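Student: I would like a close look at a single part of this structure, with the cut-offs spelled out.

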Amino acid sequence: EGVNPQEYTLIKMEVIPPFPLKLRALEDRKVYLAAATLRPETMYGQTNSWVLPDGKYGAFEINETDVFILTERAALNLAYQKLSRVPEKPTRLTELTGRDLIGLPLKSPLAFNEIIYSLPMMSILTDKGTGIVTSVPSDSPDDFMALHDLKTKPAFREKFGVKNEWVLPFEVIPIINTPDYGDKSAEKVCTEMKIKSQNEREKLEAAKKIIYKGGFYEGTMLVGEYAGMRVQEAKNLIKSKLLELGQAVIYSE
Ligand code: A2H
């Protein structure tokens, strides 16, 4: 963690019942995977959620009704940000690993896809954000390559028990246009840089820098309530709306 606090928007991705055995005890609660993002304006284009297969997660009581699935570290930080049923103390209801979360069907705010699935990503850090990441392959090179890997490598799907129908129907959705990279900027930069997989970390870091700046400073929204508006202006409006509707919370670390 750096010296400067980073503020994330936590997107509440609701786990759709019936719950699998591991989550059965939570069936009378609202259970969410809580994904940390810096780009709330991209939520229209979500195709799935990412978890680290060997990552340690838990289901934590946030208040009387809501349970968040995230890392213990994030739950502790949230507890000091008034987001724990017991003040300043996380209460864990269930211990989980990323593997337990693979294949969970989710309903996520703003997403054009009505149901998306939780899938494995190998580059997730468990000491950043919540350890849960939402996937927007139109605008994130990491997300684009991780989804590409799952789509094009049946052995990779098999290794993690990922069903075809959790992956293959999900296409890149254009949501933001930029002058230099068009409306599927992550795909374009990955193709131009000849990135082969999610494991090409150096190239992906470079790709992310280019795309992140371009999207934020020069992007225009193509979809949603603020279609036609600059991303710079739309971002905070969309974030405020999500917070107002109780579909997201603010998280700092
Ligand atoms: B962003 P920063 Cl469309 N491990 O959200 C790896 N990556 C993580 C993470 C973790 N534990 N927690 C969050 N992230 C990702 C959307 C997005 C993001 C788009 C474009 C760029 C982008 C959809 N994924 O981030 O290191 C999340 O992905 C590029 C910077 O704190 C989060 O925002 O700067 C971003 O990394 C936070 O990265």
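Where α5 passes α6, is the crossing left-handed or right-handed?

Tutor: This is a predicted model, in which local features need pLDDT of at least 70 and side-chain atom pairs count only at pLDDT 80 or more, while totals for chains, interfaces and linings use all residues. Residues are numbered from 1 along each chain as its sequence is written.

The crossing of α5 and α6 is right-handed; that is, the near helix is turned clockwise from the far one by less than a right angle, whereas anticlockwise would be left-handed. Helices are DSSP runs of H or I with at least four residues, strands are runs of E with at least two, and both are numbered from the N terminus. Helix α5 covers residues 185-192, and its axis comes within 10 Å of that of α6, at an angle of roughly 145 degrees. The axes are lines fitted to C-alpha atoms over the stretch in contact, with angles from 0 to 180 degrees between N-to-C directions.

On the α5 side, S185, A186, V189 and C190 take part; they meet A207, I210, I211, G214 and G215 of α6. Contact here is a distance within 7 Å between C-beta atoms placed from the backbone. By class, six of these residues are nonpolar, three are polar and none is charged. Nonpolar covers Ala, Val, Leu, Ile, Met, Phe, Trp, Tyr, Cys and Pro; charged covers Asp, Glu, Lys and Arg; the others, Gly among them, are polar.

Helix α6 also belongs to the ligand surroundings. Of the 20 residues around the ligand, those that come nearest are T37, G129, V136, D139 and S140; a residue counts as near if its C-beta atom, placed from the backbone, lies within 6 Å. The elements giving two or more residues to this shell are α6 (201-218), β2 (30-37) and β9 (132-135). The largest share, three residues, is from β9. Unlike the helix contact, which has no charged residues, the ligand shell has five charged residues, with eight polar and seven nonpolar.

Strand β2 also marks the end of a loop that starts after β1 (7-15) and holds P18. The peptide bond from P17 to P18 is cis, its omega near 0 degrees. Most peptide bonds are trans.

Conventions
Two residues are in contact if their C-beta atoms, placed from the backbone, lie within 7 Å.
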